[in-house]
Amino acid sequence: MSPVDPSPPSSHRAQWPALVAAGVTVVLWASAFVSIRSAGEAYSPGALALGRLLAGSLALGLVLLVRREGLPPRAAWPGIAVSGLLWFGVYMVVLNWGEQEVDAGTAAMVVNIGPVLIALLGARLLGEALPPRLLAGMAVSFAGAVTVGLSMSGRGSASTLGVLLCLLAAVGYAGGVVAQKPALAHASALQVTAFGCLVGAVACLPFIGQLVDQAARAPASATLNMVYLGVFPTALAFTTWAYALARTTAGRMGATTYAVPALVVLMSWLALDEIPGWLTMAGGALCLAGVAVSRSRARAVTAAPSGEVVGGRPDAIRSTGPTRERPPSKPGS
């Protein structure tokens with residue numbers, strides 16, 4: 001008998017746009033680390049977050065006008081408001097602040113508990129499953145993230161405040177993703193991203209004085225990097241993220257972001273001429289391997305002539321004939 005795939009071929013083809021969208025998100029988020037390093041030398045954490053969110057809100061607003069998408073439905077607003085406050089607002093500010101208090105390796109290790117929190121919160125609040133492949137892949141990727149972090153720590157110092165800020169960033173990131181998921185059932189990815197970004201920008205308005213003052217003195221390269229952060233890693237990448245999140249579980253999307261540390265290592269090598277060590281490259285490879293495991297599918301199910309299921313879950317195939325009570329199997333059979 002031929003393998004029985006629970007998903008029709010058309011569903012596999014339909015997943016490719018979501019996979020491409022997730023890939024765009026991961027690449028742009030990885031590039032953000034390089035830009036933050038440049039812009040962060042001239043802008044304080046709050047000012048950088050506000051400038052980034054204002055640029056992102058402007059870009060997303062223009063796209064909304066072109067596409068003639070109005071306000072999201074009322075049912076989507078709770079998720080948009082919470083994700084905008086936690087992810088676009090709290091996460092961006094405290095992460096910028098935390099990276100000034102701790103070395104990059106420590107920040108990477110602490111923030112990368114975010115995908116684990118997303119999977120746990122998704123299971124608790126959204127009723128999502130935690131398949132063994134997802135858990136195994138996340139464990140491998142987290143080990144890779146820790147390896148990358150240790151290799152990058154060097155002689156850097158980690159303050160208690162910095163660690164707590166990075167932990168708060170991870171919690172804000174996870175809470176924002178889990179809140180965003182239900183909103184996508186009522187509004188488009190563009191609407192959820194645009195208005196979430198706007199909520200974050202409003203929450204960061206107390207930093208407007210710092211932004212105006214520092215923008216007058218900042219070099220053009222730092223300001224251009226801030227605008228880049230708003231248009232691409234924020235406006236575009238958060239929209240492609242929401243598009244992909246609407247088509248899969250929060251836990252699986254969170255695991256996908258473990259590819260970011262590996263790409264950061266590669267981009268730092270190409271853009272900043274920072275040659276990674278063997279430990280860093282090994283950690284990056286572990287991150288990518290874990291993502292591959294978490295995104296993989298269970299083995300196909302084969303139906304034997306007797307109706308038994310080989311290589312898959314017994315409930316994967318349903319009998320079409322009358323059910324008969326089977327005698328208990330003998331031990332060892």
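**Cysteines**

I started with Cys-166 in this predicted model. Its relative accessibility is 1%, so I logged Cys-166 as buried. Next I looked up Cys-204. Cys-204 is in no disulfide. Its nearest cysteine sulfur belongs to Cys-197 and lies 9.6 Å away. A disulfide needs two cysteine sulfurs within 2.5 Å, so that pair does not qualify. Cys-204 has a relative accessible area of 2%, so I put it down as buried. I then checked the total for disulfides, and the count comes to 0.

**Overall make-up**

I noted 13 helices and 3 strands in the protein. There are 333 residues, and 44% of them are buried. I looked up the exposed area too: about 17000 Å², with carbon and sulfur atoms supplying 67% of it. For contacts between residues at least 6 apart in sequence, I wrote down that 89% join residues at least 24 apart.

**Nonpolar core**

Which residues have the most contacts inside the largest nonpolar core? I found Tyr-43, Trp-87, Tyr-91, Val-177 and Trp-241. That core has 65 residues.

I followed Trp-241 further. Leaving aside neighbours within four places in sequence, Trp-241 contacts Thr-25, Trp-29, Trp-87, Tyr-173 and Val-177, among others. Its list also includes Gln-180, Met-253, Gly-254 and Thr-257. Trp-87 and Val-177, both on the core's list of residues with the most contacts, are thus among the partners of Trp-241.

**Gln-180**

The polar partner on that list caught my eye, and I turned to it. Gln-180 sits in helix α7, which covers residues 160-183. Is Gln-180 buried or exposed? Its relative accessibility is 1%, so Gln-180 counts as buried. I looked up what its side chain does. The side chain of Gln-180 makes a polar contact with the side chain of Trp-241, at 3.1 Å. Not counting residues up to four places away in sequence, Gln-180 touches Gly-79, Ser-83 and Trp-87. It also touches Val-192, Trp-241, Ala-242 and Leu-245. Trp-87 therefore appears in the contact lists of both Trp-241 and Gln-180.

**Confidence**

Last, I checked the confidence. The average pLDDT is 79, and 71% of the residues score at least 70. Over residues 300-333 the pLDDT is below 50. Beyond near neighbours in sequence, this stretch has 27 contacts in the model. Residues 1-11 also stay under 50. For residues 1-11 I recorded 11 contacts beyond four places in sequence. Where pLDDT is low, predicted coordinates should not be read in detail.

Terms used. Residues numbered from 1 in each chain as written. Predicted model: local features only at pLDDT ≥ 70, side-chain atom pairs only at ≥ 80, totals over all residues. Heavy atoms only, no water. Buried < 20%, exposed > 50% of the residue type's maximum accessible area, 1.4 Å probe, protein only. Helix = DSSP H or I, 4+ residues; strand = E, 2+ residues; numbered from the N terminus. Contact = heavy atoms within 4.5 Å. Areas by Shrake-Rupley, 256 points an atom, 1.4 Å probe, with all protein chains shown as cover. Core = buried A, V, L, I, M, F, W, Y, C linked by side-chain atoms within 4.5 Å. pLDDT = per-residue confidence, 0-100. Polar contact = N/O pair within 3.5 Å; in protein donor to acceptor, adjacent residues only side chain to side chain.
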